[in-house]
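Subject: Structure handover

Hello,

Here is the structure for your files. My notes on what was found follow below it.

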Amino acid sequence: MKKILITNESIEIFGIKFLKEGYSSAIKKLSNGGFMVVPSAPSLTIINSDEYYYKSLQASDFAIADSGLMVLILKIFYKINLEKLSGLAFLGLFFSDCSSSENSELFLVEPTEEDHGANKKYLNNIGVNYDSSFYYVAPIYKDIVIEDFDLLKQLEDQKPKKIIINLGGGIQEKLGYFLNTHLSYKPAIICTGAAIAFLSGQQANIPDWGDRYYLGWLFRCISNPRRFVPRYLGSIKLIFMLMGCSVEK
């Protein structure tokens with residue numbers, strides 16, 4: 001039987017360390033570098049079928065609780081309070097902090113040049129001091145184990161302090177794991193996936209209240225039902241996965 005392990009700072013679920021508290025705690029941990037993941041409910045349901053993805057999540061320094069479903073199940077059935085912090089909410093606060101700093105030192109790993117153009121425009125519009133040479137358009141990774149030595153070399157040359165991986169779930173975490181274990185220095189590696197696309201206008205807008213009340217999944221389903229409805233229906237499996245856990249303090 002899998003365990004839910006409660007410590008002072010985190011709640012370990014399936015061997016993944018979720019921070020009890022939200023943004024301020026995450027930023028404090030990232031201030032000296034770290035590998036952060038933001039697994040969604042649909043992503044968590046594949047940990048038993050994708051061993052390397054699961055390994056990448058477990059190897060992270062910490063995770064934030066993006067899944068409202070997971071947070072609710074823990075609260076209702078286990079009386080465990082875990083603060084929900086979506087990737088979207090995290091980035092909104094994170095970019096606000098960056099806009100007030102002299103040098104953001106951000107590096108973006110992008111799915112396409114088009115996405116990078118939109119993200120760069122968004123950052124400029126909100127006043128983030130962003131060096132437009134600090135980005136990399138990732139290829140389509142086809143292997144189960146992801147390695148990208150071209151990206152690794154560019155990062156070693158430029159040495160950004162904050163790397164945001166804007167790729168899909170199940171891919172970004174594996175790439176983050178590779179970078180975290182191969183880079184000669186320790187930047188903040190932030191795996192928030194497509195969350196930036198909701199801010200930059202590449203995906204349908206999710207209002208703050210929708211995200212706050214755990215309804216981000218609904219806005220995604222409305223914007224693209226063919227893609228998101230089957231994905232979120234599949235996440236119901238997470239309920240049974242969590243109900244099969246025991247709690248240890």
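**Findings**

L72 has a relative accessibility of 36%, so this residue counts as partly exposed: the class lies between buried, under 20%, and exposed, over 50%. Please keep in mind that this is a predicted model.

L72 sits in helix 4. Together with I76, F77 and M243, L72 makes a nonpolar patch on the surface, with an area of about 380 Å². Helix 4 spans residues 68–78 and is the element that gives the most to this patch, contributing three residues.

Now the overall fold. The protein has ten strands and 13 helices. Its radius of gyration is 17 Å, and the globule rule gives 18 Å for 249 residues; the two are close, so the protein is as compact as a globular protein of that length. Along the principal axes, the C-alpha atoms fill a box of roughly 50 × 40 × 35 Å.

On burial and contacts, 49% of the 249 residues count as buried. Among contacts with a separation of 6 or more, 72% are between residues 24 or more positions apart.

As for the surface, the accessible area of the protein is about 12100 Å². Carbon and sulfur atoms account for 52% of that area. The patch with L72 described above, at about 380 Å², is made by nonpolar residues on this surface.

Regards

Methods:
Residues numbered from 1 in each chain as written. Predicted model: local features only at pLDDT ≥ 70, side-chain atom pairs only at ≥ 80, totals over all residues. Heavy atoms only, no water. Patch = residues over 30% accessible without salt bridge, like charges linked within 9 Å, V, L, I, M, F, W, Y side chains within 5 Å. Areas by Shrake-Rupley, 256 points an atom, 1.4 Å probe, with all protein chains shown as cover. Salt bridge = Lys/Arg side-chain N within 4 Å of Asp/Glu carboxyl O. Helix = DSSP H or I, 4+ residues; strand = E, 2+ residues; numbered from the N terminus. Buried < 20%, exposed > 50% of the residue type's maximum accessible area, 1.4 Å probe, protein only. Rg over C-alpha atoms; globule rule 2.2 N^0.38 Å. Contact = heavy atoms within 4.5 Å.
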